[in-house]
Structures are given as structure tokens and as C-alpha cells.
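Reader: I should like a close look at how charged side chains pair in this structure, and at any closed spaces left inside it. Please treat the matter as one connected account.

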Amino acid sequence: MKSTLQQLIQKNKEQERAYTAQRQAEIDSPFTKDNRRDFLKKTALGGLSLTALMGLGIEDTMAETTKNVRRASAPSDLKITDLRYAHTAVMGGTAILRIDTNQGIYGLGEVRDGADPKYALMLKSRILGENPCNVEKIFKIIKQFGGQSRQAGGVCGVEMALWDLCGKAYNVPAWQLLGGRYRDSVRLYADTPEASSPEEQLKLIKFRTEEQGYTWLKMDVSIGEIMDIPGCIVNPEIFKLGKSQWSGGYMSYSNTAHPFTGVQITEKGLDELAKIVDHVRGMVGYDIPISTDHYGHFDLNNCIRLGQALDKYRLAWLEDMVPWQLWQQHKTITDALNTPTTTGEDIYLLQYFKDLIDNHAVDIIHPDLASSGGLLETKRIADYAEEKGISMAMHQAGTPVSFMANVHCAAATQNFLALEHHSVDIPWWEDLVTMTGGGKMIDKGYAPVPLDAPGLGIDLNEEVIKAHLHPSDKSYFAPTDMWNEKRSHDRTYS
């Protein structure tokens, strides 16, 4: 008579054979979906039978049955162990962040273009040892170290990397962690470049619309383009002393807020700026939206005069006509014009968007995710605007890392219009990363949303990044141990 143990072994063998046959039949069935078939194959014990384990001790049994388990799939045990960066040459200097963990998986983020990587490095001591999946908790720890515009670059870059890490840990796309998606592709808008002749500009426009497939464009309507035409500008020497609206000394035109420069546009100047828009609209037609930006630093009344001169061209929006802080002036401009208005690329946190939104001071909000607070804060901003009947476009001028962070946020946001792509003419830009789920990053003026790839859905292309590092810093994710130690008491109240 068989012993009880032998009976148990025999019973287990019979159960195993029956289960294996049932499992194989499901795998072989033409009605089994591919994802179910892959699951059945991947979760098999690789031919190791339960009976074969009965002679092993509990430690050996556990070691054998868990030897192929990925340790990166234990989100509750994740800990941040390091933060490093590589400073790329994109937009004159844009740093990609990498946050490492104790389980070998890492997250990618980005410090906004033109911002110092130290904005992120100073946060390292505050996040070491934290579980990166506690994104909101960590954001609340570090958000006090972000300021407006590029001063928020470090906080936002870390937040991006946390969502990338969390998505990888749970094996889901970042948009899923934000509550799901509204769209499978994200519409992009591209700059309409200036050129030395109408023929050359038409060639560049056709390249964008006919070859690349963009269905939304943006152009500059700057007083810099009419500065050398006599009789167009009052106080032109003020502008010339500042060199441009982008560079100059601390007290120059470029660093003087719009209401305080004394620069005005004459009627002739308005006619010349209208001719520029008329020329581009004539080449593009009215089927494609055209947004405008970068007018120059002049006061409220001149903004209204310029806006009214351009109303007839049905522009998609007038962007940042005055500094975002002057929300009352934005409202005055918005109420005076038929063309939609927008601002927001330099605003950090929802609380600083609220005056613009609550007072309908603009028709469209325009956050830059690398300044506004990252993915979740930007979604909150968009959701708040949606409740007030205001739509959202998104400013973006960085590497593919922040680009893809924007794609996930846009996918999860209902009132989204279009996302800026500022590097259309840089041939190596897309090659800085690879799409981990396969497919294209950009396809005919749209960004396909990664439907299955975890996190942001990208990984770094090391050789391309190394070939395009910023000249001032050729290091590549070098150790940053000097930032490990926390050196201050951070609480903001007594």
C-alpha cells in the first residue's frame, strides 16, 4: 500500500499533467488573444514541477521558484539612491536628469532649457532614500525650492523623472497614472521660421506643412523686424541699446518690463507688421492655424493697437503680449480684441495661474511643463481652467525627455489644444532617445501617445547624447556625491 507521501506525490503529478494540458490547449487555441498567450508563457515555471520541489527545503524552494522574478517589480521597496545629469546642447543648454534606485530602474527628467542643472542638484539631498512612487509627497517636499520660470526647472525635472520611475515600477504609461487618456495622438505646432526672402520662407513653410505634415504653425511678429525701417518706431534707440529683447545689461531694454520702455509703434509700423502677417497668411492659407509671439517690449496701449491691426487675419492666439504677472492688463487686452490671447510659459504652480483663469484674463493658458510644476501640477492647472471654460496649449522647447512628458500630460487632459515643438529643424533631436515601445515619436505633425510602454516610454541614446553635450560641460551622468548632504533646515514656518 502506498504511503501518504507517495499518494500525495502521485496526486500532484496527475494535477500537474491536467493543468499543463489545459494551459497548453489555451496557448494553442487560435481564439486566445496574444497578450493572454504571452502571459501564459511568461508565468509558467519553465517545466519545473511542484513534485520536483517536494524534496527541497523551504529556502531552496523559494530560491528556485523566484530566481527569475524581476526585483524592479517591487514598487513598495523602491528607494532613490542617486541623481545625475547630462547637459545637452539643445536650446543653448538643457540638462537631462537621471534618478537611480536600489532596484536598478531609473527615471528620466529634464531641467528647463537655459536653466542651471544646480536647480536640480540642490534637491538631491532632499529626495535620497525616498520611494519615487510617492510622487506627490516628494513634490511637496521640494516645491518650495522652485521659483517662477526657469527657477522651477529643478523641481519640474525631478517630478518628470519620478513619474517615469513610477510608471516603470508598475509597468504602466505615465498617462495612466494621471487618470487615463483622452486621445491617442497629440497635435503639435511648429514655428514658422523667418527667412532672407519670400521664396526661402515659402520653401520652409512647405517643408513643415507638406513634407512634415504640421497642421498648426507659430510665427514671430517682432518690432525687431521693422526697427530699421524709418518712421516705424518711436524711441528706436532704446531698443537698439538693448541689442534685442533677449540680451543686454541689467537696465537694458531686454530686461525692462513692457510698460516701462517708452517704445511705441507708429501707424506705419503697424502697417509693416500687418504686411508680415499678411504675407505668411497668404502662403499658408486659412485652413492652418497660425499663432504669434515675441512682439517686443511695449506698453498696454500699443499691444491693443497691434492686436486690432492683426484681428482680420484670424490668428490662433497672441502670446505673452505683456508679462504674465500683470493679469489686469492681460484682461484689458483680451476684452479689447477679437483674437484669442494666451500666456503662462513662465508661471510656476496652479496658484499663480488662478488670477488669469478666475478673471478670464486670457482665452487660453499656455504652461511650460518644465516650469509649471511637472506633469501632475500641469494637469491640475488644465483641469482648473477647464472648469472656467478656458482651453490649454503647451509650450515646450527642450529635449525629447520633456517633450514626451508633455505628450503624456496632454493625453490625460481634456481641454488640450496643441503642443509646441521647437526643434523641427534639428536633425539629431529625435535621435537623443529611443521609443521603448517602438513606433515614431512624431508622425505627420502629431505625437503618437505610447499606449503600452511604461513611464515616459523612452530611453537614452547614449552615443547621440555624448555627441551633443554642451561645450561648457562634457560630463555624462558623472557622480554628484557633493550634493548628497543636506545643509539647511528647510521648514518655512516656526
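**Charged pairs and cavities**

Author: Helix H12 holds both Glu272 and Lys275, which stand three residues apart, or about one turn of the helix. The model is a predicted one, and in it these two residues form a salt bridge whose closest N and O atoms are 3.5 Å apart. The partners are unlike in their surroundings: Glu272 has a relative accessibility of 18% and therefore counts as buried, the limit being under 20%. Lys275, with a relative accessible area of 51%, is exposed, because the limit for that class is over 50%.

Helix H12 also takes part in a salt bridge that reaches another helix. The side chains of Glu267 and Arg305 meet with an N to O distance of 2.9 Å. Glu267 belongs to helix H12 (residues 267–284) and Arg305 to helix H13 (residues 300–310), so this pair ties together parts that lie 38 residues apart in sequence. Arg305 has a relative accessibility of 27% and so counts as partly exposed.

A further salt bridge joins the side chains of Lys440 and Asp443, at 3.6 Å from N to O. Here Lys440 is exposed, at 53% relative accessibility, whereas Asp443 is partly exposed, with a relative accessible area of 33%.

The loop between strand E13 (416–421) and strand E14 (433–435) contains Glu430. This residue is partly exposed, at 35% relative accessibility. Once neighbours within four places in sequence are set aside, Glu430 is in contact with Pro400, Met441 and Ile442. Of these, Pro400 is 30 residues from Glu430 along the chain, yet the two C-alpha atoms are separated by 6.5 Å.

The count of salt bridges comes to 28. Some charged residues are joined in a network of such bridges, made up of Arg112, Asp113, Arg150, Glu345, Asp346 and Asp368. Three of these names, Arg112, Asp113 and Asp368, return in the lining of a cavity.

That brings the account to the closed spaces. Rolling a probe the size of a water molecule over the atoms shows where empty space is left. There are two cavities of 30 Å³ or more.

The second largest cavity, where the residues just named are found, contains about 30 Å³ of space. Besides Arg112, Asp113 and Asp368, its lining includes Glu110, Ala370, Gln396, Ala397, Gly398, Ser402 and Asn406. By class, this lining comprises two nonpolar, four polar and four charged residues.

The largest cavity has a volume of about 40 Å³. Its lining is made by Val135, Glu136, Phe139, Glu159, Gly373, Leu376, Glu377 and Arg380. Two helices, H7 (135–142) and H17 (375–387), each supply at least two residues of that lining. Three of the lining residues are nonpolar, one is polar and four are charged.

Taken together, charged residues appear in this account both as partners in salt bridges, as with Glu267 and Arg305, and in the cavity linings, with four in the lining of the largest cavity and four in that of the second largest.

Key
Residues numbered from 1 in each chain as written. Predicted model: local features only at pLDDT ≥ 70, side-chain atom pairs only at ≥ 80, totals over all residues. Heavy atoms only, no water. Helix = DSSP H or I, 4+ residues; strand = E, 2+ residues; numbered from the N terminus. Buried < 20%, exposed > 50% of the residue type's maximum accessible area, 1.4 Å probe, protein only. Contact = heavy atoms within 4.5 Å. 1 Å grid on protein atoms, 1.4 Å probe; cavity = no way out; pocket = protein on both sides within 12 Å on 5 of 7 lines; lining within 4 Å. Points joined across faces, edges and corners; volume = space filled by probe spheres on them. Nonpolar A, V, L, I, M, F, W, Y, C, P; charged D, E, K, R; others polar.
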